[in-house]
Amino acid sequence: MQQMKSVYGLNKFKGAQNQYVEQSILTASPADLVTMLYEAAIKNVKFSKNAIDDKNYELSNTHLKKSQEIIDELIKGLDMSFDMSNDMLLIYEFILNQLVESNISKNGKNLEDVESILTQLHQTWKEAVVLSRTQKISV
């Protein structure tokens, strides 16, 4: 009975946590959604790297596929009327290729580069968002 209570409590907590995340996403600005996507991509790349190190290739595959889906969403969000979007597309395509290569080779080396690139993009994006909010422009 005690185990049942603890499982129920955990499920209740996860349900509340999922509702909080869902509400955060629904109420986030477009700029904040991009920030969340970068954070989720970085998290999944790290999880995948750890799974590869542990030789848990199924878990690694799951996280690599999530990372690929996130990068796909970032690509869909590009406004191709800006020259910079073409450069971002090339970066995202490079990241996608590295994710696929890591999944095929079961080697985490490429993921170190991907994590570094995503971390730099995330940091730059956060700085741009702060700057845009202080200068009242949109990103």
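**Exercise 1: a residue in helix 3**

Starting from Ile 71, whose place is in helix 3, determine whether this residue is buried or exposed, and say which residues it is in contact with once its neighbours within four places in sequence are left aside.

*Solution.* Before the first step, note that this is a predicted model, in which local features need pLDDT of at least 70 and side-chain atom pairs count only at pLDDT 80 or more, while totals for chains, interfaces and linings use all residues. Residues are numbered from 1 along each chain as its sequence is written, and side-chain values use heavy atoms, with hydrogens and water left out.

Step 1. Ile 71 has a relative accessible area of 1% and is therefore buried (buried means under 20% relative accessible area, exposed over 50% and partly exposed in between, with a 1.4 Å probe and protein chains only).

Step 2. With those sequence neighbours left aside, Ile 71 is in contact with Tyr 92, Ile 95, Leu 96, Leu 99 and Leu 118, where contact means heavy atoms within 4.5 Å.

Step 3. For a distance along the same part of the fold, take Leu 89, which is 18 residues from Ile 71 along the chain and whose C-alpha atom is separated from that of Ile 71 by 9.9 Å.

**Exercise 2: the whole protein**

State how many helices and strands the protein has, and then describe its burial and its exposed area.

*Solution.* Step 1. The count comes to five helices and zero strands, these being DSSP runs numbered from the N terminus (H or I over at least four residues for helices, E over at least two for strands), and the pattern along the sequence is α-α-α-α-α.

Step 2. Of the 139 residues in the protein, 29% are buried, while about 9,500 Å² is exposed, with carbon and sulfur atoms supplying 56% of that area (Shrake-Rupley method, 1.4 Å probe).

Step 3. If one takes the contacts between residues at least 6 apart in sequence, 61% of them join residues at least 24 apart.

**Exercise 3: helix 2 and its partners**

Find at what angle helix 2 crosses helix 3 and at what angle it packs with helix 5, and then sort the residues of each contact by class.

*Solution.* Step 1. The axes of helix 2 (residues 30–53) and helix 3 (residues 57–76) come within 8 Å and cross at roughly 160 degrees, the axes being lines fitted to C-alpha atoms over the stretch in contact and the angles running from 0 to 180 degrees between N-to-C directions. That makes the two helices roughly antiparallel (angles under 35 degrees count as roughly parallel, over 145 as roughly antiparallel, 65 to 115 as roughly perpendicular and the rest as oblique).

Step 2. Helix 2 passes helix 3 in a left-handed crossing, a term for a near helix turned anticlockwise from the far one by less than a right angle. Among the residues that meet are Val 34, Leu 37 and Phe 47 in helix 2, and Leu 59, His 63 and Ile 70 in helix 3. By class, this contact of helix 2 with helix 3 divides into 14 nonpolar, five polar and two charged residues (Ala, Val, Leu, Ile, Met, Phe, Trp, Tyr, Cys and Pro count as nonpolar, Asp, Glu, Lys and Arg as charged, and the others, Gly among them, as polar).

Step 3. Helix 2 and helix 5 (residues 109–135) pack at about 160 degrees with their axes 9 Å apart, and are therefore roughly antiparallel to each other. Helix 2 passes helix 5 in a left-handed crossing too, and the contact of these two helices has 13 nonpolar, four polar and eight charged residues.

**Exercise 4: helix 3 against helix 4**

Describe how helix 3 and helix 4 cross, and then place Ser 102 and its contacts.

*Solution.* Step 1. The axes of helix 3 and helix 4 come within 10 Å and cross at roughly 165 degrees, which makes these helices roughly antiparallel, and their crossing is left-handed.

Step 2. Residues of helix 3 including Leu 64, Ile 71 and Ile 75 meet residues of helix 4 including Leu 89, Leu 96 and Ser 102, and the contact divides into 10 nonpolar, five polar and one charged.

Step 3. Ser 102 lies in helix 4 and is buried, with a relative accessible area of 0%; beyond its neighbours within four places in sequence, Ser 102 is in contact with Ile 52, Leu 64, Asn 107, Asn 110 and Leu 111.

**Exercise 5: two loop lysines**

Say where Lys 55 and Lys 106 lie, and give the phi of each.

*Solution.* Step 1. Lys 55 lies in the loop between helix 2 and helix 3, has a positive phi of about 60 degrees although it is not a glycine, and is exposed, with a relative accessible area of 61%.

Step 2. Lys 106 has its place in the loop between helix 4 (83–105) and helix 5; its phi, near 55 degrees, is a positive value in a residue other than glycine, and Lys 106 is partly exposed, with a relative accessible area of 30%.
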